[in-house]
Amino acid sequence: MRAATARAHSNIAFIKYWGNLDDSLRLPANPSLSMNLDGLYTETTVTWDEALESDTLLLNGQTAPDAARQRVAHHLDALRHRLDLSGYARVESINNFPMGAGIASSASAFAALTVAAVVAAGLELPERDLTTLARLGSGSASRSVPDGFVIWHAANTHDGAFAQSIAPADYWNLVDVIAIVSDQHKAVGSTQGHHSATTSDLQVARVEGAPARVVACQEAVLNRDFAALAAVVEHDSNLMHAVMMTSRPQLFYWQPASLAVMDLVRQWRAEGLRVCYTLDAGPNVHCICAAEDAPVIAGRLDALDGVRQVLQAGPGAGARVIRRE
Ligand code: DP6
């Protein structure tokens, strides 16, 4: 019996992943760029146990719902197949996110699961291979493996679609101030959403422009140029939501409170605060700020009627092994 525990952080995409070239391998239609989120993490212990007759999953101390267990078992099947492993695993996973806040956990979950499973099996793999293996469980999980600010490359091969750090977590002191406007479970999750991306006439144009936006975003990060970052981050989020809204069936994630926050963010920026918005497949608004402006932004968001909760996260580290037995 061999066990290992890994911790991985959630990440927020500055340039979004939306749509796959290949759904089963999760080869993304376009490259993306993200920041890991310090303080929002999953810790997962994997124990390979010859006595087990199937994979088991405990989530925050409770037996996991069937759908979650099946998704984890499916990912472990992929790892068993690619790494020539045998036997089943006991998986115990804890999310430190506030329960029911509507923060996606698949990125941190599959990054931590992958790293823990590989290390518990006694293997040492290069980071690049860990990113491609994590990608098989959840696309955005590939970006939670490397440190800090991360690019995930688009390619039509498993090995080509890897992620790498472009700058460490301490390179730029940005803060993601997250305005939680709804804690309801999303009606249509990302996995299903990716399938419908090509039904929008706008997806081709969004995908075509993505490499240039990734380059612009990378330059903005490397130059610590907030104005350039704000321009490309908001534009890219709007493009993804335009695709979602024009997919068939249509996907509308914005709620009235999301729009109200976006509007205020634009006003606050015009006043001179360094803040911009981005939204994932849900109504919560991620307000990316310069650290000096984060307390003011958090205070203003907290005072809004439509905002239920405000979370803050700076740039986070990559996935790490924290225990082996
Ligand atoms: C809107 O990585 O959650 O957050 O691969 O099916 O698990 P699966 O999808 P997921 O998609 C993330 C979509 C997004 C944008 C992003 O994070 O880039």
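## Briefing: a ligand and three helices

A backbone N or O atom of Gly139 lies 2.6 Å from an oxygen atom of the ligand. Around that ligand the protein is a thorough cover: 95% of the 460 Å² of accessible area that the ligand has on its own is covered by protein. Keep in mind that this is a predicted model. Below, we go through the ligand's surroundings, then helix H3 with Thr131, helix H6 with His241, and helix H7.

**Around the ligand**

- There are 17 residues around the ligand, and the ones that come nearest are Arg26, Ser138, Gly139, Ser140 and Thr191.
- Helix H4 (residues 190-196) gives the largest share of this shell, with 3 residues.
- Side chains join in too: an N or O atom in the side chain of Arg71 sits 2.7 Å from a ligand oxygen.
- For Ser190, the distance from a polar side-chain atom to an oxygen atom of the ligand is 3.4 Å.

**Helix H3 and Thr131**

- Helix H3 covers residues 127-137, and 8 of its 11 residues are buried, so the rest of the structure largely encloses it.
- The buried set in H3 is Leu130, Thr131, Thr132, Leu133, Ala134, Arg135, Leu136 and Gly137.
- These buried residues pack against two helices, H1 (66-83) and H2 (106-120), and against strands E3 (27-28), E8 (149-152) and E9 (163-167).
- Thr131 has a relative accessible area of 0%, which means it is buried, given that the cut-off is under 20%.
- Its side chain has a polar partner in H3's own stretch of chain: the side chain of Thr131 reaches the backbone oxygen of Arg128 at 2.7 Å.
- A polar atom of the Thr131 side chain also lies 3.1 Å from the backbone nitrogen of Ala163.
- Ala163 turns up again among the contacts of Thr131 beyond four places in sequence, together with Ser142, Val145, Pro146 and Phe162.

**Helix H6 and His241**

- His241 belongs to helix H6, and with 1% relative accessibility this histidine counts as buried.
- Setting aside residues up to four places away in sequence, His241 touches Tyr253, Trp254, Leu279 and Asp280.
- With Leu279 there is a polar contact as well: the backbone oxygen of Leu279 is 2.9 Å from a polar atom of the His241 side chain.
- For a sense of scale, the C-alpha atoms of His241 and Ala121 are separated by 40 Å, and the two residues are 120 residues apart along the chain.

**Helix H7**

- How far apart are the end C-alpha atoms of H7? They are 22 Å apart, which agrees with the 21 Å that 15 residues (256-270) should span at 1.5 Å a residue.
- Ala257, Ser258, Val261, Met262, Leu264, Val265 and Trp268 are the buried residues of H7.
- These buried residues cover an arc of only 165 degrees around the axis, so they sit on the same side of H7.
- Turned away from that buried side is a face carrying the exposed residues Pro256 and Ala270.
- What do the buried residues of H7 pack against? Their partners are helix H6 (226-245), strand E11 (275-278), strand E12 (285-290) and helix H8 (294-302).
- H6, the helix that holds His241, is thus one of the elements packed against the buried residues of H7.
- Just past the end of H7, Gly272 takes a positive phi of about 115 degrees.

Technical notes: Residues numbered from 1 in each chain as written. Predicted model: local features only at pLDDT ≥ 70, side-chain atom pairs only at ≥ 80, totals over all residues. Heavy atoms only, no water. Helix = DSSP H or I, 4+ residues; strand = E, 2+ residues; numbered from the N terminus. Expected span 1.5 Å × (residues − 1). Buried < 20%, exposed > 50% of the residue type's maximum accessible area, 1.4 Å probe, protein only. Arc of directions from axis to C-beta. Contact = heavy atoms within 4.5 Å. Near = heavy atom within 4 Å. Polar contact = N/O pair within 3.5 Å; in protein donor to acceptor, adjacent residues only side chain to side chain. Areas by Shrake-Rupley, 256 points an atom, 1.4 Å probe, with all protein chains shown as cover.
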